[in-house]
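User: I'd like a close look at one part of this model, with the cut-offs spelled out as you go. Please walk me through it in one connected answer, and tie it to the rest of the chain where you can.

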Amino acid sequence: MKRALCFVSMVGLTMIGCAVGPTPIPEAQSPAALLYAEKCGACHAVPHPKRNTAAEWQHLFVLMEQRMIERNIVALTDEQREMLMSYLQNNAR
Ligand code: HEC
């Protein structure tokens with residue numbers, strides 16, 4: 001009985017943990033957001049677009065493409081770059 005109680009309270013805590021977890025990214029189910037999660041979550045957790053201003057994203061994006069080249073990760077197509085860039089710019093701080 002004690003064990004069962006312990007289990008229930010642990011599940012409860014885990015659920016609270018999720019509820020206050022990282023802020024979900026905007027329009028999480030849109031094609032742009034899905035691409036963003038895939039491409040920009042490959043090496044680290046996906047940064048929230050509000051983390052930076054549009055101008056900062058412009059700079060960071062170039063940096064991140066260099067990181068991808070360094071690690072031989074398939075480069076972005078022009079279309080993907082545009083999609084990700086406008087997603088970040090539209091949702092920036
Ligand atoms: C190839 C691995 C890789 C991929 C893919 C990647 N990053 Fe990064 N990212 C890094 C590394 C490594 C750092 C640590 C800082 C550095 O070395 O520039 C970093 C740091 C960052 C930071 C923090 C930088 C700062 O100084 O504030 C942001 C924001 C970021 N990445 C955004 C992105 C975005 C947006 C994308 C998708 C376009 C992306 N990352 C894709 C490797 C990656």
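**The second helix and its surroundings**

Analyst: Let's start with α2, where P31 and E38 are exposed on the other side from the buried residues. Exposed means 12 or fewer other C-beta atoms within 10 Å of the residue's own, buried means 20 or more, and partly exposed is in between, with C-beta atoms placed from the backbone. Helices are DSSP runs of H or I with at least four residues, strands are E runs of at least two, and both are numbered from the N terminus.

Two bits of housekeeping. This is a predicted model, so local features need pLDDT of at least 70 and side-chain atom pairs count only at pLDDT 80 or more, while totals for chains, interfaces and linings use all residues. Residues are numbered from 1 along each chain as its sequence is written.

Now the buried side of α2: A32, A33, Y36 and C40. They share one side of the helix because they cover an arc of only 95 degrees around the axis, taking the directions from the helix axis to the C-beta atoms. That fits the usual rule: an α-helix has 3.6 residues a turn, so residues three or four places apart point the same way.

What do the buried residues of α2 pack against? The partner is α4 (78–91). Contact here means C-beta atoms, placed from the backbone, within 7 Å. One residue to look at is Y87, which touches A32, A33 and Y36, leaving aside residues up to four places away in sequence.

The same residues turn up in the largest nonpolar core, nine residues in total: I25, A32, A33, Y36, C40, W57, L84, Y87 and L88. Such a core is a set of buried Ala, Val, Leu, Ile, Met, Phe, Trp, Tyr and Cys residues joined through C-beta atoms within 7 Å. α2 and α4 each put at least two residues into this core, and α2 gives the most, with four. For the whole chain of 93 residues, 11% count as buried. The chain has four helices and zero strands.

α2 also has a stake in the ligand shell: α2 and α3 each supply at least two of its residues. The largest share, six residues, comes from α3. Of the 15 residues around the ligand, C40, C43, P47, M64 and R67 come nearest; a residue counts as near if its C-beta atom, placed from the backbone, lies within 6 Å of the molecule. So C40 is buried on α2 and also among the residues nearest the ligand.

On to the loops either side of α2. E27 sits in the loop between α1 (2–19) and α2, and has a positive phi of about 45 degrees although it is not a glycine. Most residues other than glycine have a negative phi. E27 counts as partly exposed because it has 14 C-beta neighbours inside 10 Å.

After α2 (31–40), the loop leading to α3 (54–70) holds A45. With 9 C-beta neighbours inside 10 Å, A45 counts as exposed. A45 and P22 are 23 residues apart in sequence, with their C-alpha atoms 9.8 Å apart.

Technical notes
Two residues are in contact if their C-beta atoms, placed from the backbone, lie within 7 Å.
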